[in-house]
Amino acid sequence: MESIVEVSGLNLTLGGKSILKEVSFQVYKGEVFTILGGSGSGKTTITKCLVGLYRPASGRVRVFGKDVALLSQLELDELRKGIGYVFQSGALFDSLKVWENVVFYHLEHHSMDREELKSTALKYLNMVGLSEEHLDLYPSELSGGMRKRVGIARAIATEPRLLIYDEPTSGLDPITSRLIDELILWLRGRTGSSAIVVSHDLVSAFSISDRLLVLKEGRVLQVGTREELLNSSIPFVREFLKKGLGNFSV
Ligand SMILES: Nc1ncnc2c1ncn2[C@@H]1O[C@H](COP(=O)(O)OP(=O)(O)O)[C@@H](O)[C@H]1O
Ligand SMILES: [Mg+2]
């Protein structure tokens, strides 16, 4: 199976504190891979290492076959173009309209006609279930679920090979959360791209993931399929899943 992400023996120290410890995992092309773990376990930090925002103390991070630490700034920019990042906070620009947020990258980098860009924005908004009437709204005029959708539309507007979603369902009601789950699966199917999802919503994670990683205090406890995790021999993993899944079964 082709790997698009390969992390091996990754150690990262921030502010004098060891945050990631000997983290190793691979993400295969086309799969939905979820990073699970409690708050502060290092989930977001792992994704930041993938896009080259942190320099590891040791270990190797390869994305699309390239060692992230060895890339020049130009090569790193090129790599990031292939990655759509959906931020936990949404990270929309409040002073920009919905459509400007969606094609922000294009507005910055291309001298395309604004009307042309607006119709590009509409294409991606349609994919996430929004429409023409949302184009000229400001983020403050949207519900939490709609803001998440706009964040996803922006992430897919560069047609990335890899989408990273940081807590895509946090703060959303259960029904909206399931819609976002379906969207993640639909987008993966549509483009054949891969997805890395950071989550502490276990029900959601178990519904959409091909494989999952359980992180605890910066260490990988287990990587495996849903069945492998449910039959884990590691007491912490079993307890963690039991607490988060309740009566859910795969
Ligand atoms: N820039 C930073 N400097 C120092 N410590 C950090 C920094 N970013 C994150 N941390 C610490 O790293 C740990 C993991 O953070 P994070 O990856 O955000 O956790 P998660 O996403 O799993 O909730 C936390 O203890 C956090 O306080
Ligand atoms: Mg986080």
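**Figure 1. Surroundings of Glu 217 in the predicted model**. Glu 217 is partly exposed, because 14 other C-beta atoms lie within 10 Å, a count between the limit of 12 or fewer for exposed residues and that of 20 or more for buried ones. The residue belongs to the loop that links strand S9 (211–216) and strand S10 (219–224). Although Glu 217 is not a glycine, its phi is positive, at about 45 degrees.

**Figure 2. Surroundings of Glu 159 in the loop between helix H6 and strand S7**. Helix H6 spans residues 144–156 and strand S7 spans residues 162–166, with Glu 159 in the loop between them. The backbone of Glu 159 has a positive phi of about 50 degrees, and this residue is likewise not a glycine. Glu 159 has 11 other C-beta atoms within 10 Å and is therefore exposed, the limit for that class being 12 or fewer.

**Figure 3. The protein as the setting of both close-up views**. The fold comprises 10 helices and 10 strands. Its radius of gyration is 18 Å, close to the 18 Å given by the globule rule for 250 residues, so the protein is as compact as a globular protein of that length. Along the principal axes, the C-alpha atoms occupy a box of roughly 55 × 45 × 35 Å.

**Figure 4. Burial and contacts in the protein**. Of the 250 residues, 38% are buried. When contacts between residues at least 6 apart in sequence are considered, 65% of them join residues at least 24 apart.

Definitions and conventions:
Residues are numbered from 1 along each chain as its sequence is written. Chains are lettered from A and ligands numbered from 1 in the order in which they are written. This is a predicted model: local features need pLDDT of at least 70, side-chain atom pairs count only at pLDDT 80 or more; totals for chains, interfaces and linings use all residues. Helices (H or I, at least four residues) and strands (E, at least two) are DSSP runs, numbered from the N terminus. The radius of gyration is taken over C-alpha atoms; the globule rule is 2.2 Å times the number of residues to the power 0.38. Two residues are in contact if their C-beta atoms, placed from the backbone, lie within 7 Å.
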